[in-house]
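Biologist: I would like to go through the labels on this model one by one. For each, tell me what the label rests on.

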Amino acid sequence: MKYSEIAHSSHPQHKLRFECSESPFKCDGCKEVGIGSRYKCTACDFDLHMQCAIPSPAISHSFYTKCSFQFFSRPPGDKPRICDACEREVTGFLYHCKDCGFDLHPCCAKLPMVLDDGESKLYLYRKVSASCQKCGRKGRSWSYRSSCKKYNLHVACVKDMLVENWQGYLGEKSVRKFDTRIPSLKNTLPTQNKSKSKTKKGLQMAGLALQFVISAVLGDPTTLIAGVIGTMISRA
């Protein structure tokens with residue numbers, strides 16, 4: 001459910017207003033990158049993903065049928081915790097299963113099982129046997145795989161690309177000059193023994209796959225943001 005304005009315990013000084021922006025931001029809840037829909041305090045430069053601003057107290061996930069995940073505003077215990085979806089460290093808001101010890105960033109926990117633009121479909125898997133289009137490795141984190149089974153992208157690799165691309169902004173909230181380009185897959189597809197037309201088509205399909213996965217990972221898998229990200233990709 002979306003509200004135009006909310007009060008949040010993590011920022012009691014002011015209310016947070018809903019907005020949709022094309023500029024990336026660092027969520028002050030989960031400490032992960034975001035784009036598009038968010039709740040923001042302009043006066044304090046405070047941002048929350050929608051998933052972090054209005055979390056569910058408890059969730060279940062089809063990948064962990066025996067788990068019950070509870071929402072926490074900070075990681076439990078004194079040891080570093082890693083998100084089981086993207087393999088990045090959990091430093092803020094999270095969903096945690098006390099019985100099994102699994103952890104999920106709020107946006108990772110809410111990743112759509114299917115990304116569908118009406119023409120192409122990408123399915124979320126806990127593990128896939130095929131290699132990732134970006135890193136070339138198998139396994140690792142959750143992955144999105146195309147229905148044709150030719151394109152696979154680790155959620156972890158997508159996040160790594162985003163963090164590398166926006167490192168200056170993510171390091172300090174006060175830094176305002178940062179690169180808003182979304183990284184492309186131009187150098188990640190093998191081109192040997194392929195015609196130029198097939199290679200170009202493959203790059204276009206991989207770019208489309210990346211576009212959808214980035215939209216989902218950033219916490220706003222909507223047609224609007226997918227279009228914005230598509231424009232960013234074309235400029236890269």
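Biologist: Why is Cys86 called buried?

Modeller: This is a predicted model, and in it Cys86 has a relative accessibility of 1%. Buried means under 20%, so Cys86 counts as buried.

Biologist: How do you know that Cys86 is in no disulfide?

Modeller: The nearest cysteine sulfur belongs to Cys83 and is 3.8 Å away. A disulfide needs the two sulfur atoms within 2.5 Å, so Cys86 is in no disulfide.

Biologist: What about the sulfur of Cys100 and the closest cysteine sulfur, in Cys67?

Modeller: Those sulfur atoms are 3.4 Å apart. The cut-off is 2.5 Å, so the distance is too far for a bond. By this rule the count of disulfides is zero.

Biologist: Why is Cys100 called partly exposed?

Modeller: Its relative accessible area is 40%. Partly exposed lies between the 20% and 50% limits, so the term applies to Cys100.

Biologist: What makes Glu32 and Arg88 a salt bridge?

Modeller: Their closest N and O atoms are 3.2 Å apart. The limit is 4 Å, so the pair qualifies. The two residues are 56 apart in sequence: Glu32 is in the loop between strands E2 and E3, and Arg88 is in the loop between strands E7 and E8.

Biologist: Is Glu32 buried or exposed, and which term fits Arg88?

Modeller: Glu32, at 6% relative accessibility, counts as buried. Arg88 has 22%; buried requires under 20%, so Arg88 is called partly exposed.

Biologist: How do you know that Arg81 forms a salt bridge with Asp103?

Modeller: The closest N and O atoms are 2.8 Å apart, and the definition asks for within 4 Å. Arg81 lies in strand E7 and Asp103 in strand E10, so the bridge ties together parts that are 22 residues apart in sequence.

Biologist: Why are Arg81 and Asp103 called buried?

Modeller: Arg81 has a relative accessible area of 18%, and Asp103 stands at 2% relative accessibility. Buried means under 20%, so the word holds for Arg81 and for Asp103.

Biologist: What makes Lys40 and Asp45 a salt bridge?

Modeller: Their side chains meet at 3.2 Å, N to O, against a limit of 4 Å. Both residues are buried. They also belong to a network of salt bridges that links Glu19, Arg38, Lys40, Asp45 and Asp47.

Biologist: How many salt bridges does the structure hold?

Modeller: Eight.

Technical notes:
Residues numbered from 1 in each chain as written. Predicted model: local features only at pLDDT ≥ 70, side-chain atom pairs only at ≥ 80, totals over all residues. Heavy atoms only, no water. Helix = DSSP H or I, 4+ residues; strand = E, 2+ residues; numbered from the N terminus. Buried < 20%, exposed > 50% of the residue type's maximum accessible area, 1.4 Å probe, protein only.
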